[in-house]
Amino acid sequence: MVTDPIADMLTRIRNALVARHDYTDIPTSKVKQSIAAVLKKEGYIQGYEEREDDGHGSIRVQLAYTGKKEPVIVGLNRVSKPGLRVYTSRSEMPRVYGGLGIAILSTPEGVMTGKDARKRGVGGEVLCYVW
(Lines give C-alpha, C1' and ligand atoms only; values in the text may rest on other atoms or scores of the structure.)
Protein backbone atom coordinates (compact mmCIF):
# COMPACT_ATOMS: atom_id res chain seq x y z
CA MET A 1 0.00 0.00 0.00
CA VAL A 2 1.28 3.45 -0.94
CA THR A 3 1.00 6.10 1.75
CA ASP A 4 1.19 9.05 -0.67
CA PRO A 5 -0.40 8.17 -4.03
CA ILE A 6 0.21 11.61 -5.58
CA ALA A 7 3.94 11.43 -4.78
CA ASP A 8 3.94 7.93 -6.30
CA MET A 9 2.36 9.32 -9.49
CA LEU A 10 4.94 12.11 -9.75
CA THR A 11 7.78 9.65 -9.13
CA ARG A 12 6.52 7.31 -11.85
CA ILE A 13 6.37 10.21 -14.32
CA ARG A 14 9.83 11.45 -13.28
CA ASN A 15 11.37 7.96 -13.63
CA ALA A 16 9.76 7.39 -17.04
CA LEU A 17 11.11 10.73 -18.27
CA VAL A 18 14.64 9.91 -17.14
CA ALA A 19 14.40 6.53 -18.94
CA ARG A 20 12.95 8.30 -22.05
CA HIS A 21 9.85 6.09 -22.09
CA ASP A 22 6.91 7.05 -24.31
CA TYR A 23 4.34 6.40 -21.58
CA THR A 24 3.91 5.26 -18.00
CA ASP A 25 1.05 3.46 -16.25
CA ILE A 26 -0.25 4.76 -12.91
CA PRO A 27 -2.92 3.25 -10.63
CA THR A 28 -6.04 5.35 -11.01
CA SER A 29 -7.93 7.69 -8.70
CA LYS A 30 -10.06 10.75 -9.30
CA VAL A 31 -7.37 13.14 -8.04
CA LYS A 32 -4.72 11.56 -10.28
CA GLN A 33 -7.05 11.84 -13.27
CA SER A 34 -7.59 15.51 -12.45
CA ILE A 35 -3.84 16.11 -12.16
CA ALA A 36 -3.28 14.35 -15.51
CA ALA A 37 -5.98 16.55 -17.07
CA VAL A 38 -4.24 19.71 -15.79
CA LEU A 39 -0.85 18.48 -17.09
CA LYS A 40 -2.41 17.81 -20.52
CA LYS A 41 -4.18 21.19 -20.60
CA GLU A 42 -0.90 22.97 -19.79
CA GLY A 43 1.06 20.97 -22.40
CA TYR A 44 3.34 19.04 -20.05
CA ILE A 45 2.10 15.65 -21.33
CA GLN A 46 0.72 14.58 -24.71
CA GLY A 47 -2.33 12.90 -23.24
CA TYR A 48 -3.68 10.23 -20.94
CA GLU A 49 -6.20 7.43 -21.13
CA GLU A 50 -8.00 5.39 -18.53
CA ARG A 51 -7.42 1.64 -18.79
CA GLU A 52 -8.68 -1.51 -17.11
CA ASP A 53 -5.97 -4.05 -16.22
CA ASP A 54 -7.02 -7.28 -14.49
CA GLY A 55 -9.94 -5.57 -12.76
CA HIS A 56 -7.80 -2.65 -11.57
CA GLY A 57 -7.99 0.75 -13.19
CA SER A 58 -4.91 2.57 -14.39
CA ILE A 59 -4.04 5.74 -16.22
CA ARG A 60 -1.62 5.56 -19.14
CA VAL A 61 0.17 8.90 -19.38
CA GLN A 62 1.70 9.72 -22.78
CA LEU A 63 4.85 11.73 -22.03
CA ALA A 64 5.83 14.78 -24.09
CA TYR A 65 9.29 15.43 -25.46
CA THR A 66 10.85 18.19 -27.54
CA GLY A 67 12.30 17.54 -30.99
CA LYS A 68 15.62 16.31 -29.57
CA LYS A 69 13.93 13.81 -27.20
CA GLU A 70 14.35 16.18 -24.25
CA PRO A 71 11.47 15.97 -21.75
CA VAL A 72 9.03 18.88 -21.62
CA ILE A 73 8.81 18.41 -17.83
CA VAL A 74 12.10 19.50 -16.29
CA GLY A 75 11.02 19.08 -12.68
CA LEU A 76 8.21 17.80 -10.48
CA ASN A 77 8.06 18.65 -6.79
CA ARG A 78 5.49 17.39 -4.27
CA VAL A 79 4.57 20.23 -1.90
CA SER A 80 1.74 19.16 0.40
CA LYS A 81 2.43 15.78 2.00
CA PRO A 82 0.24 13.59 4.22
CA GLY A 83 2.35 14.54 7.26
CA LEU A 84 2.40 18.27 6.50
CA ARG A 85 -0.42 19.77 4.46
CA VAL A 86 0.29 23.08 2.74
CA TYR A 87 -2.60 25.44 2.03
CA THR A 88 -2.67 28.82 0.34
CA SER A 89 -5.14 31.63 0.05
CA ARG A 90 -5.98 33.34 -3.22
CA SER A 91 -3.88 36.38 -2.24
CA GLU A 92 -0.76 34.29 -1.47
CA MET A 93 -0.79 32.05 -4.56
CA PRO A 94 2.71 30.63 -5.23
CA ARG A 95 4.55 31.41 -8.47
CA VAL A 96 6.82 28.66 -9.76
CA TYR A 97 10.07 29.92 -11.30
CA GLY A 98 8.64 33.38 -11.82
CA GLY A 99 5.72 32.08 -13.88
CA LEU A 100 7.66 29.58 -16.01
CA GLY A 101 6.17 26.63 -14.11
CA ILE A 102 2.78 25.86 -12.59
CA ALA A 103 1.46 25.07 -9.15
CA ILE A 104 -1.31 22.46 -9.08
CA LEU A 105 -3.90 23.05 -6.37
CA SER A 106 -6.83 21.12 -4.99
CA THR A 107 -9.59 23.69 -4.45
CA PRO A 108 -13.28 23.49 -3.55
CA GLU A 109 -13.94 23.94 -7.28
CA GLY A 110 -11.67 21.04 -8.30
CA VAL A 111 -8.02 20.50 -9.20
CA MET A 112 -6.56 23.42 -11.16
CA THR A 113 -3.45 25.51 -11.68
CA GLY A 114 -2.52 28.35 -9.35
CA LYS A 115 -3.21 30.85 -12.14
CA ASP A 116 -6.75 29.52 -12.65
CA ALA A 117 -7.37 29.55 -8.88
CA ARG A 118 -6.20 33.17 -8.69
CA LYS A 119 -8.60 34.12 -11.52
CA ARG A 120 -11.51 32.37 -9.80
CA GLY A 121 -10.64 33.85 -6.42
CA VAL A 122 -10.20 30.56 -4.54
CA GLY A 123 -7.41 29.05 -2.48
CA GLY A 124 -6.67 25.45 -1.58
CA GLU A 125 -4.11 22.76 -0.94
CA VAL A 126 -0.91 23.07 -2.98
CA LEU A 127 -0.39 19.56 -4.38
CA CYS A 128 2.76 20.01 -6.47
CA TYR A 129 4.92 22.26 -8.61
CA VAL A 130 5.72 21.44 -12.26
CA TRP A 131 8.25 23.23 -14.41
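In this predicted model, Tyr-97 is exposed, with a relative accessible area of 52%, because values over 50% count as exposed. Trp-131 has a relative accessibility of 24% and is classed as partly exposed.

These two residues also form an aromatic contact. The count of aromatic pairs comes to one. In this pair, the ring centres of Tyr-97 and Trp-131 lie 5.0 Å apart and the ring planes meet at 55°, so the arrangement is tilted. Distant parts of the chain are linked by the pair, whose members are 34 residues apart. Tyr-97 belongs to the loop between strand S5 (87-88) and strand S6 (102-107), while Trp-131 lies in the segment after strand S8 (124-130).

A contact between a charge and a ring involves Lys-69 and Tyr-65. The charged end of Lys-69 is placed over the ring of Tyr-65, at 4.3 Å from the ring centre.

The largest pocket holds about 210 Å³ of space. Its lining consists of 14 residues, and those nearest the pocket centre are Gly-99, Gly-101, Ile-102, Lys-115 and Arg-118. Strand S6 and helix H3 (114-120) each contribute at least two residues to the lining of this pocket. The most is given by H3, which supplies three residues. By residue class, the lining of the largest pocket comprises six nonpolar, four polar and four charged residues.

Note on methods:
Residues are numbered from 1 along each chain as its sequence is written. This is a predicted model: local features need pLDDT of at least 70, side-chain atom pairs count only at pLDDT 80 or more; totals for chains, interfaces and linings use all residues. Side-chain values use heavy atoms; hydrogens and water are left out. Rings of Phe, Tyr and Trp (its six-membered ring) pair if their centres lie within 6.5 Å; planes under 30 degrees apart count as stacked, over 60 as edge-to-face and the rest as tilted. Helices (H or I, at least four residues) and strands (E, at least two) are DSSP runs, numbered from the N terminus. Buried means under 20% relative accessible area, exposed over 50%, partly exposed in between (1.4 Å probe, protein chains only). A charge sits over a ring if NZ of Lys or CZ of Arg is within 6 Å of the ring centre and within 35 degrees of the ring normal. On a 1 Å grid over the protein atoms alone, a cavity is a set of points where a 1.4 Å probe fits but cannot get out, and a pocket is an open set with protein on both sides within 12 Å along at least five of seven lines; lining residues have an atom within 4 Å of a point. Grid points are joined across faces, edges and corners, and a volume is the space filled by probe spheres set on the points. Ala, Val, Leu, Ile, Met, Phe, Trp, Tyr, Cys and Pro count as nonpolar, Asp, Glu, Lys and Arg as charged, and the others, Gly among them, as polar.
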